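Visitor: I should like to go through the helix packing and the terms used to describe it. Please show me the model.

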Amino acid sequence: MSRLPDPVSQLQGDDLALFNELLAKRGSLDGMYRTLLNHPELTKHVSDLGTYLRFNSTLEGKYREFIILFSAHHLKIGYEWIKHLEPAVQAGLDTAIIDAIKNDKELPEPYLTLSLAVLHTAKLENIPEAIQNKIITLVGVKGLLELVVLVGFYRMIAGIITSFDVPLPANGHGA
């Protein structure tokens with residue numbers, strides 16, 4: 001069996017409270033968080049980092065969502081591509097940029113520089129100083145660090161999704 005059970009009907013006490021807290025924050029909980037809820041304490045820590053990165057980071061929303069979509073496409077995480085299409089548009093990411101990601105087309109600046117940093121990070125390579133400097137000019141040192149952590153976070157999510165055959169959300173197709 002590659003999928004873990006959905007533990008939601010068995011949750012009690014603090015674990016049920018965590019589920020309800022996550023549900024209130026996110027509006028719905030499907031595959032990935034339901035899979036993680038097999039280990040509620042771990043789910044809490046993963047959720048706290050994800051909440052910070054998604055809702056409290058210093059990165060402007062369109063840049064954050066670009067990084068997520070570009071990572072999802074590069075890492076072939078259809079689940080996250082689907083989950084972040086609407087938030088990307090809501091955050092102001094131009095649909096032409098989204099189409100360029102999806103179709104592996106050339107990106108304009110500053111997205112080209114952000115994409116290069118994502119690729120280096122995803123490959124666990126040093127980000128060249130010239131790219132770091134451009135990103136620092138765009139989003140600051142904190143933003144550069146958040147970019148690296150965001151890519152790492154979605155690599156971790158990719159591991160959960162692929163290791164346990166988490167199904168795609170019902171509202172779309174993979175990238």
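**Helix packing and its terms**

Guide: This is a predicted model. α3 passes α8 in a left-handed crossing.

Visitor: Why are α3 and α8 called oblique to each other?

Guide: The axes of α3 (residues 40-56) and α8 (residues 129-163) cross at roughly 135 degrees and come within 11 Å. Angles over 145 degrees count as roughly antiparallel and those from 65 to 115 as roughly perpendicular, with the remainder above 35 being oblique. The angle of roughly 135 degrees fits neither of those two classes, and the pair is therefore oblique.

Visitor: Which residues make the contact of α3 with α8?

Guide: On α3 they are V46, L49, G50, Y52, L53 and R54, and on α8 they are E146, V149, L150, F153, Y154, M156 and I157. By class, this contact has 10 nonpolar, 1 polar and 2 charged residues. Gly counts as polar, and Glu and Arg as charged.

Visitor: What makes α4 oblique to α7?

Guide: Helix α4 (residues 61-74) packs against helix α7 (residues 111-122) at about 50 degrees, the axes lying 10 Å apart. Roughly parallel would require an angle under 35 degrees, and roughly perpendicular one of 65 to 115. The value of about 50 degrees thus makes α4 oblique to α7. Their crossing is right-handed.

Visitor: How do the residues of the contact of α4 with α7 divide by class?

Guide: The contributors are K62, Y63, F66, I67, F70, S71 and H74 of α4, with Y111, L114, S115, V118, L119 and A122 of α7. They divide into 9 nonpolar, 3 polar and 1 charged.

Terms used. Residues are numbered from 1 along each chain as its sequence is written. This is a predicted model: local features need pLDDT of at least 70, side-chain atom pairs count only at pLDDT 80 or more; totals for chains, interfaces and linings use all residues. Side-chain values use heavy atoms; hydrogens and water are left out. Axes are lines fitted to C-alpha atoms, for helices over the stretch in contact, and angles run from 0 to 180 degrees between N-to-C directions. Helices (H or I, at least four residues) and strands (E, at least two) are DSSP runs, numbered from the N terminus. A crossing is left-handed if the near helix is turned anticlockwise from the far one by less than a right angle, and right-handed if clockwise. Contact means heavy atoms within 4.5 Å.
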